[in-house]
Amino acid sequence: MYIVTARQMQELDSKTIQDIGIPGAVLMENAGRGTFEQMLRHFPDIRQKKVAVLAGKGNNGGDGFVIARCLLNHSCAVKVFLLAQAETISGDAAINMRAFQRMGGAVAEIPDETAWQGALPDIQHAGLIVDAIFGTGLSSAVTGLALRVIEDINKAGKPIVAVDLPSGIDASTGAVLGSAVQAHLTCTLGLVKKGLVVYPG
C-alpha cells in the first residue's frame, strides 16, 4: 500500500492534469462517483435517508457536489449546505455546483454562523451527513464557522461520511487542527494519506 503526504498527492494530481492531460473535472467526477459507490455499499438503505452534504468552497466541496448529483440521480433526498456564498465558488467546483442546481438540486448558502444556526435543524433531521468541507489543502487550525459546523455535526449523532479525509485532520501528520470530524466512513481518494494512518488522525 502506498502512503503519501498532502504535498505528494497534490503533485500527483498536478502531473495527472498537466502531463497526462486528464482534466481536473474528470478527476473530481471520478472522486465523487467513487465515494457515492462506497456510500451505496455501506448504507444500502440510503434511499430511506435524508442526506445532508456539507460542502466547502474548494475542490473537496466540488467532490461533494458530484456526490449530491449522484444521490439525486439515485432518487435520494439530498440537500447541499455550502459553507460560503455561491458566487465565491470557482473552477471545477463551480462547474459541479451549477450542474447540481440545473438538475433541481437544493443548495443552501451558509456564509456565517447565523445562517448555520438556521440550517442546523435540517442537519439534525438528516439520516446521513457527508463531510466535504476540507481536503488535503488544510494546514492551519480550523476556526470560526467551520469550527462550529464540525463541532455541531459531531454532536448530531448521525453517521458521517468523510470525503478524502475527515475535515480538520492534517493529511500529512494526522494532527487535529483545532477540531476534526469524527467520521464513520472515510473514502480517501487516489492514495492513502499519511494523516489517516498515524495518531491521532
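**Sheet order and local backbone features**

In this predicted model, serine 75 sits in the loop that runs from helix H3 (59–73) to strand S3 (77–82). The residue is not a glycine, yet its phi is positive, at about 60°. Serine 75 counts as exposed because its relative accessibility is 58%, and the cut-off for exposed is over 50%.

A second positive phi occurs at aspartate 164, again in a residue other than glycine. Here the angle is near 80°. Aspartate 164 belongs to the loop between S6 and S7. Its relative accessibility is 8%, so aspartate 164 counts as buried; the limit for that class is under 20%. Serine 75, by contrast, is exposed. Most residues other than glycine have a negative phi.

Strand S3, which follows the loop of serine 75, is part of an open sheet. The sheet holds 6 strands. Their order is S4-S3-S2-S5-S6-S7, and the pairing is parallel. Strand S4 (106–109) lies at one edge and strand S7 (185–187) at the other. Each of these edge strands pairs on one side only. From one strand to the next, the twist averages 20°. In general, strands of a sheet pair through backbone hydrogen bonds, either parallel or antiparallel.

Within this order, S5 is followed by S6. Strand S5 covers residues 128–132 and strand S6 residues 160–163. The two pair in the parallel sense, over 3 bridges. One bridge partnership links aspartate 131 to alanine 162 of S6. In the sheet order, S6 stands between S5 and S7. The loop between S6 and S7 carries aspartate 164, the buried residue described above.

Further features fall in the segment after strand S8 (192–193), where valine 197 is located. Proline 200 lies in the segment after S8 as well. Valine 197 forms a nonpolar surface patch with Met1 and Ile3. Together, the three residues have about 330 Å² of accessible area. Valine 197 itself counts as partly exposed because its relative accessibility is 45%, a value that falls between the limits of 20% and 50%.

The peptide bond between tyrosine 199 and proline 200 is cis. Its omega is about 0°. Most peptide bonds are trans. The segment after S8 thus includes valine 197 of the nonpolar patch and proline 200 of the cis bond.

Terms used: Residues are numbered from 1 along each chain as its sequence is written. This is a predicted model: local features need pLDDT of at least 70, side-chain atom pairs count only at pLDDT 80 or more; totals for chains, interfaces and linings use all residues. Side-chain values use heavy atoms; hydrogens and water are left out. Two strands pair if DSSP finds at least two bridges between them. Helices (H or I, at least four residues) and strands (E, at least two) are DSSP runs, numbered from the N terminus. Axes are lines fitted to C-alpha atoms, for helices over the stretch in contact, and angles run from 0 to 180 degrees between N-to-C directions. Patches are made of residues with over 30% relative accessible area and no salt bridge: like charges are joined within 9 Å, nonpolar side chains (Val, Leu, Ile, Met, Phe, Trp, Tyr) within 5 Å. Accessible areas come from the Shrake-Rupley method with a 1.4 Å probe; for residues, only the protein chains shown count as cover. A salt bridge is a side-chain nitrogen of Lys or Arg within 4 Å of a carboxyl oxygen of Asp or Glu. Buried means under 20% relative accessible area, exposed over 50%, partly exposed in between (1.4 Å probe, protein chains only).
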